[in-house]
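These are my notebook entries from going through the model, kept in the order in which I looked things up.

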Amino acid sequence: MTTAQPLIQARGLVKRFGDFTAVDGIDVEVRPGEAFGFLGPNGAGKSSTMRMVGCISPPSGGELRILGMDPVRDGPAIRARLGVCPQLDNLDPELTVRENLTTYARYFGIPRRVARERAAELLDFVQLTERADSKVEPLSGGMKRRLTIARALVNNPEIVLLDEPTTGLDPQARHLVWERLFRLKQQGVTLVLTTHYMDEAEQLCDRLVVMDGGRIVAEGSPRALIEQHSTREVVELRFAADSQEAFAGKLDGLGERVEVLPDRILLYVADGDAAVAEVTALGLVPASVLVRRSSLEDVFLHLTGRTLVD
Amino acid sequence: MVGLVLPRLVSFEGAPRRSASVAERNLAALKSAYWLVLISGFLEPVLYLFSIGIGVGALVGDLTLPGGRVVSYAGFVAPAMLASSAMTGALAETTFNFFGKMKYMKLYDGIIATPVQPFEIALGELGWAMIRGSLYSAAFLVVMVGMDLTSVGRAATAFPAAVLVGFAFGALGMAVATFMRSWQDFDLMGSAQFTLFLFSGTFVPAEAYPAVLRWVVELTPLYRSVHLIRGISVGATGWSWLLDVAYLLVLTGVGLLVASRRMGRLLYK
Amino acid sequence: MVDVSVAGRVRPALPRVPALAVLAHYLVGYRRTWRAGVFSSFLLPVLTVVGFGFGVGAYVDQGVGGLRYLDWLVPGLIASTAMQVAIGESTWPVLSNFRWIKTYFAQSAAPLRVGDILAGHLAFVLFRAFTSTAAFLLVTALFGAVRSPWAVAVLPVVLLLSLAVAAPTFAFSAWAPSDSYLALLFRFAVIPMTLFAGVFFPVESLPSGLRQLAYATPLWHGVDLCRAATLGVAPQWSVPGHLLYLAAWAIAGWLLARRAFRRELVV
């Protein structure tokens with residue numbers, strides 16, 4: 001698969017809005033059949049990148065090829081082979097669920113009859129068949145999202161772009177969306193998504209980049225990123241309020257890295273239980289102890305910082 | 001003012017006010033176009049007066065009223081414009097705006113969590129509508145006096161009458177708003193308003209209508225309002241204005257009563 | 001199960017006339033909402049004819065230039081109905097497609113160009129204005145207010161007039177920072193045009209400065225053409241002049257609208 005021609009290829013890609021540089025020279029390659037993720041805090045440049053890939057935002061610099069074509073010159077031809085699920089659902093509230101799919105299919109030159117069949121299949125796929133003739137407005141957030149995803153599939157796209165596909169959904173709805181996206185991937189559809197949910201990235205992405213301030217700060221598979229930027233396990237220690245700093249000094253040298261937060265201390269270590277034993281041996285008695293596997297969230301926070309972005 | 005512009009477009013009166021919570025902020029900021037919308041609101045009846053009263057008036061000439069009094073067409077139309085703009089302003093404020101705030105902005109759900117009661121919200125809304133409407137009415141009366149369509153004394157008497165008209169339609173609008181199901185219903189209301197505007201003795205004396213239509217027309221609130229204000233501004237004699245005033249007072253009372261009952265039920269659900 | 005496998009993929013072609021697919025979208029929605037619009041865009045102009053044409057007309061003893069006031073008024077109302085429907089459909093719906101329901105953004109993710117999105121919506125607006133005025137024309141003909149077979153020429157005229165007012169309104173609505181601006185458009189442009197551009201009384205009775213302003217409005221040119229058509233008389237101004245003037249509004253409006261749409265959609 002690695003030898004296949006990349007579907008999306010960006011070199012030194014830049015997007016500026018006036019003086020503000022949203023995307024600051026990134027290199028990305030998305031290969032056929034993979035699920036590729038853009039991770040990053042708000043304002044990292046993920047959505048700007050997605051809009052450029054969606055051929056609705058001309059790059060300000062660098063090189064971008066999608067399906068081997070130039071997004072500025074061949075926008076419609078590329079978009080004919082893309083499916084886009086935007087961050088906010090922009091369904092037509094005056095149409096029914098089914099009509100939202102059939103009218104959209106017409107934009108791809110799909111004949112009416114085929115569009116009807118296709119809509120029926122897709123409604124089945126996203127489990128909305130029973131609501132086919134309902135209006136959009138009374139649907140739940142999860143249903144609207146599924147309908148938007150179905151709409152993005154109406155043209156049998158080769159690449160599906162998903163901008164924060166599960167933001168704002170309840171756990172059941174999220175899992176259903178993940179499961180459907182996984183099936184698409186199994187069928188060979190290339191997925192490109194942005195998210196700031198680490199569990200989502202770990203669930204769905206074969207490969208991902210972490211963006212911060214318009215740049216790519218890390219790249220790899222979720223597993224590789226964890227190995228590279230974190231330890232195997234993390235120990236979370238809580239001491240009595242306001243005494244973290246005092247204890248932290250005594251923990252120096254334990255594990256690879258010690259991070260002191262207002263409410264707890266994190267030890268990044270290879271073996272959590274061994275580290276807990278060492279802490280106890282030092283005569284320290286934390287109020288609570290949690291040993292867990294290192295997650296993408298640790299990588300993410302380590303790379304992009306803990307400060308609130310907005 | 002509904003006017004001869006189709007009522008579907010009436011929504012322009014209420015639409016900006018759908019963002020009324022924002023208007024509060026704008027009051028401080030004073031930079032939004034909303035202010036221009038507010039300030040220019042009085043312009044519409046004046047434009048109608050010039051177009052219909054003077055422009056078409058040049059074709060019509062003078063009118064002889066039933067009492068034998070002869071008035072210019074502008075003098076005949078002006079009080080009707082005042083009454084209908086008081087109606088439109090009050091209805092737009094209390095229906096469109098109220099509906100938007102209740103249904104979409106969920107503004108009131110926030111307010112009823114405080115000790116404020118639904119009825120007090122309604123009165124507050126009505127009060128704001130009335131202040132605005134009264135300023136428009138006063139400005140219009142100044143124009144009428146300036147054009148020599150009425151005297152200063154009569155204008156001063158017509159002012160409270162216009163305020164009463166505003167209250168009656170405001171109360172009616174609040175009651176109506178509690179029955180609105182969707183924005184589509186506003187199309188219907190706009191149509192009803194426009195029909196009233198055309199056939200309430202606004203442009204021709206009701207005496208010109210066929211007898212049956214005339215009786216129906218005389219029962220409508222806008223006809224009573226036009227009759228009241230026109231009587232004052234042309235200086236009609238007699239006591240029929242008492243009937244108009246009583247009618248409008250009863251309408252105000254019934255409107256408020258219905259509105260407060262229904263609002264309680266809609267909000268505390 | 002959806003077949004999205006690469007082998008089974010039928011590659012969609014681009015739509016032959018993409019703007020038609022966009023128009024189809026609006027027509028599907030309109031199938032459901034047209035009833036609400038019938039009242040405002042058709043019955044109410046008819047009521048205006050009754051209340052104003054017959055009502056006030058009865059008091060206009062001399063007529064206008066020797067014509068019955070009703071006959072003189074009706075073509076003006078036809079033109080102003082077309083204008084109002086065209087502008088009404090080009091204001092809140094356009095703003096909403098950008099800011100509230102974001103239909104344009106959904107469309108721009110499909111293989112449509114900005115021009116297709118704009119042309120499809122404009123075509124729907126023209127459809128609305130055209131059907132409203134055609135029905136209105138028919139009813140007024142039944143009232144006996146149409147006096148010449150030339151009246152059929154009203155139909156292409158209202159199409160051109162609608163385009164001349166809708167295209168620049170699209171540009172305005174795309175640019176408008178808030179819906180207050182749309183209210184201002186009605187207050188300072190649409191309503192004054194309706195009232196002073198020769199619909200209800202002859203423009204000639206306006207004072208000179210205002211008269212020039214009235215001549216500059218697209219509505220007056222539409223009114224004059226419609227009046228000439230339904231009455232079967234020569235217009236006050238040359239027909240090619242009228243048509244060119246309206247076409248200039250349409251073309252300038254289209255260019256402005258396309259620029260405004262591009263500014264919003266391609267960033």
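How many salt bridges does the structure hold over all chains? I am working from a predicted model, and over all chains I find 29 salt bridges in it.

**Entry 1: chain against chain**

I began with the pairs of chains. Two pairs are in contact, and of these chains B and C share the most contacts, whereas chain A and chain B do not touch, their nearest C-alpha atoms being 12 Å apart.

For chains B and C, I noted that 43 residues of chain B and 40 residues of chain C take part in the contact. About 3,700 Å² is buried between chain B and chain C, and carbon and sulfur atoms give 75% of that area. I looked for salt bridges across this contact and the count was one: Glu44(B) pairs with Arg187(C), with the closest N and O atoms 2.6 Å apart.

For chains C and A, the contact takes 35 residues from chain C and 42 residues from chain A. The area buried between chain C and chain A is about 3,500 Å², with 59% of it on carbon and sulfur atoms. Here I counted two salt bridges, and I wrote down the one between Arg31(C) and Glu99(A), where the closest N and O atoms are 3.4 Å apart.

I also checked the surface for nonpolar groups and found a patch of about 260 Å² made by Phe17(A), Phe20(A) and Val267(C). Val267(C) belongs to the segment that follows α10 (239-265) of chain C, and it counts as partly exposed because its relative accessibility is 31%.

**Entry 2: salt bridges within chains**

In chain A, I looked at Arg113(A) and Glu117(A), which form a salt bridge with the closest N and O atoms 3.1 Å apart. Both sit in helix α4 (residues 112-125) of chain A, and because they are four residues apart, about one helical turn separates them. Arg113(A) is exposed, at a relative accessible area of 52%, while Glu117(A) is partly exposed, at 44%.

Another salt bridge of chain A joins the side chains of Lys185(A) and Asp206(A), at 2.8 Å from N to O. This pair links distant parts of the chain, with Lys185(A) in helix α6 and Asp206(A) in the loop between α7 (198-204) and β8 (207-212), 21 residues apart. Asp206(A) is partly exposed, with 33% relative accessibility.

In chain B, the side chains of Arg224(B) and Asp244(B) meet in a salt bridge of 2.7 Å, N to O. Arg224(B) lies in helix α11 (residues 221-234) and Asp244(B) in helix α12 (residues 240-267), so the pair ties together parts that are 20 residues apart in sequence. Are these two residues buried or exposed? Both Arg224(B) and Asp244(B) are buried.

Back in chain A, I found one network, in which salt bridges that share partners join Glu236(A), Arg238(A), Asp263(A), Arg264(A), Arg292(A) and Asp298(A).

**Entry 3: backbone and burial**

I then went through positive phi values. Glu164(A) is not a glycine, yet its phi is about 45°; it lies in the loop between β6 (159-163) and α6 (171-186) of chain A, and at 4% relative accessibility it counts as buried. Asp148(B), also a residue other than glycine, has a phi near 65°; it is found in the loop between α7 (118-146) and α8 (152-177) of chain B, but with a relative accessible area of 65% it is exposed.

Why is helix α1 (residues 46-53) of chain A largely enclosed by the rest of the structure? Six of its eight residues are buried, namely Lys46(A), Ser48(A), Thr49(A), Met50(A), Met52(A) and Val53(A). Just after α1(A), Cys55(A) takes a positive phi of about 60°.

In chain C, I picked Ser132(C), which is placed in helix α5 (residues 114-142) and is buried at 4% relative accessibility. Beyond its neighbours within four places in sequence, Ser132(C) contacts Ser41(C), Phe42(C) and Val85(C). Ser132(C) and Ser41(C) are 91 residues apart in sequence, while their C-alpha atoms are 6.0 Å apart in space.

**Entry 4: against the record**

UniProt, in an unreviewed entry, places "domain: ABC transporter" at residues 8-238 of chain A; over that range I read 35% helix and 28% strand.

For chain B, an unreviewed UniProt entry lists "transmembrane region" at residues including 192-217 and 237-259. Residues 192-217 are 58% helix, with end C-alpha atoms 13 Å apart, while residues 237-259 are 87% helix, with end C-alpha atoms 36 Å apart.

Definitions and conventions: Residues are numbered from 1 along each chain as its sequence is written. Chains are lettered from A and ligands numbered from 1 in the order in which they are written. This is a predicted model: local features need pLDDT of at least 70, side-chain atom pairs count only at pLDDT 80 or more; totals for chains, interfaces and linings use all residues. Side-chain values use heavy atoms; hydrogens and water are left out. Patches are made of residues with over 30% relative accessible area and no salt bridge: like charges are joined within 9 Å, nonpolar side chains (Val, Leu, Ile, Met, Phe, Trp, Tyr) within 5 Å. Accessible areas come from the Shrake-Rupley method with a 1.4 Å probe; for residues, only the protein chains shown count as cover. A salt bridge is a side-chain nitrogen of Lys or Arg within 4 Å of a carboxyl oxygen of Asp or Glu. Helices (H or I, at least four residues) and strands (E, at least two) are DSSP runs, numbered from the N terminus. Buried means under 20% relative accessible area, exposed over 50%, partly exposed in between (1.4 Å probe, protein chains only). UniProt positions are given in the numbering used here, feature names are shortened, and annotations may be inferred rather than shown by experiment. Contact means heavy atoms within 4.5 Å. Buried area is the accessible area (1.4 Å probe) that two parts lose on being put together, summed over both.
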